[in-house]
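Visitor: Please take one part of this model and describe it closely. I would like the surroundings covered as well as the part itself.

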Amino acid sequence: MTTPKKKNPVKLLQNMIHPLFLLAVMLFSGASLSWAQDSSEPLPQVAIQTSEGNMVLTLRPDVAPETVSNFLSYVDSGFYDGMVFHRVIPGFMIQGGGFDQSLSRKQAQDPIRNEASQTLRNLRGTIAMARTNDPHSATSQFFINVADNAFLNAGVQGPGYAVFGRVTEGLGVADAIASKPTGRVGGMADVPMEPIIIERIERLTPAE
């Protein structure tokens, strides 16, 4: 289960001068507004403890309720504990949640519906669901964007990849992970040569 390959930089540059792209940039100049919640309920947060450091993520169940519920079910069961970031690409994203430290695939739950939307886009620091070519095939694997990856958004090259939160603390940890040397291991590409371990993911209790 993967994200798409990173788009050719030349083609990305061509897209940047497309009128529709310029309109999207104008509309997104207030991107932070998309993270304002509609209700008074606090947004759920999780801490990802890794061998490279810790990150805190704020999730958006008001926009992607099924995706957040699915992710938290894995978190609450301890599914992610001891797994690895098995695919990392600098200037693109880091991906985990599917394999253990021996790169054996862990049995996941049933796939969920793709909730990719124009509200939450694949900006630097956001977390989204990885999937196959089937839009509704996401299970446990997720990725964190370390760059603005507009080509992963809904409607750009198809249904898109569902963003359901963002890193609100520790984004430098994701950057550090993305910079690690990688290679091919067991037929898999972009695998860190030294395992990047997800030691634990847990919910954080909202402040009173």
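Guide: What follows starts with one helix and then turns to three polar residues. This is a predicted model, in which local features need pLDDT of at least 70 and side-chain atom pairs count only at pLDDT 80 or more, while totals for chains, interfaces and linings use all residues. Residues are numbered from 1 along each chain as its sequence is written, and side-chain values use heavy atoms, with hydrogens and water left out.

Helices (H or I, at least four residues) and strands (E, at least two) are DSSP runs, numbered from the N terminus. Helix 3 covers residues 65–77, 13 residues in total, and spans 18 Å from its first C-alpha to its last, close to the 18 Å expected at 1.5 Å a residue. That expected span is 1.5 Å times one less than the number of residues. Directly after helix 3 comes Gly78, with a positive phi of about 80°.

Buried means under 20% relative accessible area, exposed over 50%, and partly exposed in between (1.4 Å probe, protein chains only). In helix 3 the buried residues are Thr67, Val68, Asn70, Phe71, Leu72, Tyr74 and Val75. An α-helix has 3.6 residues a turn, so residues three or four places apart point the same way. The cover over the buried residues of helix 3 includes strand 1 (45–50), strand 2 (53–59), strand 5 (126–129), strand 6 (142–145), strand 7 (163–169) and strand 10 (197–204).

Thr67 leads to Glu115, since the two side chains make a polar contact of 2.6 Å. A polar contact is a pair of N or O atoms within 3.5 Å; within protein, one must be able to donate a hydrogen and the other to accept it, and residues adjacent in sequence count only if both atoms are side-chain atoms. Glu115 sits in the loop between strand 4 (93–100) and strand 5, and is buried at 6% relative accessibility. Contact means heavy atoms within 4.5 Å. Beyond four places in sequence, Glu115 contacts Ala64, Pro65, Glu66, Thr67 and Ala162.

Strand 6, one of the covering strands, contains Asn145. Asn145 is buried, at 0% relative accessible area, and its side chain forms a 2.8 Å polar contact with that of Asn149. Among the residues Asn145 touches more than four places away are Phe92, Met93, Asn122 and Leu152.

Asp100, in strand 4, is partly exposed at 27%. A polar atom of the Asp100 side chain lies 2.9 Å from the backbone nitrogen of Ser104. Outside four places in sequence, Asp100 touches Met83 and Val84.
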